[in-house]
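User: I have a model open and want to learn how to read its features. Can you take me through them one by one?

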Amino acid sequence: MNYDLPLRLKRLRQTSASRTMLQETRLHPQQFIAPLFISELIGSKQAIKSMPGQFQLSLADLPAEIEELSSLGIPAVLLFGIPRHKDAHGSSALQDDGIVQQAIRQIRAINKDMLIISDLCFCEYTDHGHCGVLKNDVIDNDKTLHLLGEQAVSHAKAGADWIAPSSMTDGMVAAIRQALDAAVFNNTAILSYAVKYSSAFYGPFREAAQGAPQFGDRKTYQMNPANSHEAVREAALDLDEGADLIMVKPAMNYLDIIYKLKQHFPEVPLCAYQVSGEYSMLKYAAQAGLMDEQHTMIESLLAIKRAGADLIISYFAKDFARWHANQR
Ligand code: PBG
């Protein structure tokens, strides 16, 4: 007995060819950015237990890592530094021979085409672990601005293409733009962590970058996960201040925010950061035999892209690119 249905949407799902042809969202390694942790404290690469498959690298590990990324077709890296020395002001973040500055120079020497993005923050460099200098245990916003400008110039001098400030300091984009322009780095772009939530999903990153706050939390500077309108204000402000690209972070719990910002600012390149907790959750679930790793990875990345992200920062960048290379 056949029903007389006007349309059967299952028809177009019948073959792999039609499913692929009609796929609305596609992922490509060219839109991925791989985060790298470079440590001054180690002589060779060390596994990060909280993030299966991720490593802290020494400078000596960079040639092999960059070669691998490049052969997989990943065009960009986001650098985090783990310095030997920490103090109240995060002074080692400003040194021209600091760990990130050295890494930038080295990557540039290894591969002239790799896009180098430097995370710009103080939390890995301060002994208290907060994202700026403190006055009476709270961040001194405007004093931090000045230091962010200095740090940005030292990254640009080393050869960073894009500076990515992640500290949610009010006015950070304007201060960094001014400092870069004053030093005649007019072509160094700013990828602002414009919409960064105070998220428990950064948990595994703490071991990776060793920058956890030693007291308190980041709620006075990062956004409340309950807020959505505020994301538009944050993004609009950073764009007014001269951000070239904006970011939403984390990604998976904030797909509505990614969607909203893309609708609001369709002309602005939008980046989403699939953070450590999103990555490790899937890795550990797969290890426990609960879900298929490749399928959950692809589904999570597709969702971020479908929501509206143009670029994705993800610890899965290499796994994804390997998967992609085997598709056809
Ligand atoms: C530092 C910084 C953090 C992350 C990126 N930059 C941690 C934090 O703000 O607490 C998190 C990245 C991740 O979890 O993958 N400002």
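The dialogue below goes through helix packing, salt bridges, burial and backbone geometry.

User: What should I know before I start?

Analyst: This is a predicted model: local features need pLDDT of at least 70, side-chain atom pairs count only at pLDDT 80 or more, and totals for chains, interfaces and linings use all residues. Residues are numbered from 1 along each chain as its sequence is written, and side-chain values use heavy atoms, with hydrogens and water left out.

User: How are helices and strands named?

Analyst: They are DSSP runs numbered from the N terminus: helices are H or I with at least four residues, strands are E with at least two.

User: At what angle do the axes of α10 and α11 cross?

Analyst: Start with the axes. They are lines fitted to C-alpha atoms, for helices over the stretch in contact, and angles run from 0 to 180 degrees between N-to-C directions. Here, α10 (residues 293-307) and α11 (residues 317-325) cross at roughly 105°, and their axes come within 11 Å. That makes α10 roughly perpendicular to α11. The classes are: under 35 degrees roughly parallel, over 145 roughly antiparallel, 65 to 115 roughly perpendicular, the rest oblique.

User: Which residues in α10 and α11 meet?

Analyst: Contact means heavy atoms within 4.5 Å. From α10 come Glu293, Gln294, Met297, Ile298 and Leu301; from α11 come Asp319, Phe320 and Trp323. By class, this contact has five nonpolar, one polar and two charged residues. Ala, Val, Leu, Ile, Met, Phe, Trp, Tyr, Cys and Pro count as nonpolar; Asp, Glu, Lys and Arg as charged; the others, Gly among them, as polar.

User: Now burial. Which residues of α11 are buried?

Analyst: Use relative accessible area: under 20% is buried, over 50% exposed, in between partly exposed (1.4 Å probe, protein chains only). In α11, Ala317, Lys318, Phe320 and Ala321 are buried. Seen down the axis of α11, they fall within an arc of 160°, so they line one face of the helix. The arc is that of the directions from the helix axis to the C-beta atoms. Their cover includes β1 (32-39), α2 (62-71), α10 and β12 (311-314).

User: Which residues of α5 are buried?

Analyst: In α5 (residues 172-182), the buried residues are Met172, Val173, Ile176, Arg177 and Leu180. Their arc is 125° seen down the axis of α5, so these residues also line one face of the helix. Gln178 and Ala182, on the other side of α5, are exposed. What covers the buried residues of α5 includes β5 (115-120), α4, β8, β9 (189-196) and α7.

User: α7 covers part of α5. Is Glu234 in α7 (residues 229-241) buried or exposed?

Analyst: Glu234 is found in α7. At 15% relative accessibility, Glu234 counts as buried. Leaving out residues up to four places away in sequence, Glu234 touches Met168, Ala194, Val195 and Met223.

User: How many salt bridges are there?

Analyst: First the rule: a side-chain nitrogen of Lys or Arg within 4 Å of a carboxyl oxygen of Asp or Glu. A search of the whole structure finds 14. Take Lys157 and Asp96, with closest N and O atoms 3.2 Å apart. Lys157 lies in α4 (residues 141-158) and Asp96 in the loop between β4 (76-82) and α3 (99-110), so the pair ties together parts that are 61 residues apart in sequence. Lys157 is partly exposed at 49%, and Asp96 is partly exposed at 33%.

User: Which residue forms a salt bridge with Arg108?

Analyst: Asp161, with closest N and O atoms 2.7 Å apart. Arg108 is in α3 and Asp161 in the loop between α4 and β8 (162-165), 53 residues apart. Salt bridges can also join up: Glu65, Glu68, Lys283, Glu293, Lys318, Asp319 and Arg322 are linked in a network.

User: Which backbone features should I check?

Analyst: Most residues other than glycine have a negative phi, and most peptide bonds are trans. Asp137 has a positive phi of about 65°, in the loop between β6 (134-135) and β7 (138-139). Val184 has a positive phi of about 60° and is found in the loop between α5 and β9. Asp137 is exposed at 54%, and Val184 is exposed at 62%.

User: Where is the cis peptide bond?

Analyst: From Lys249 to Pro250, with omega near -10°. Pro250 sits in the loop between β10 (245-249) and α8 (255-264).
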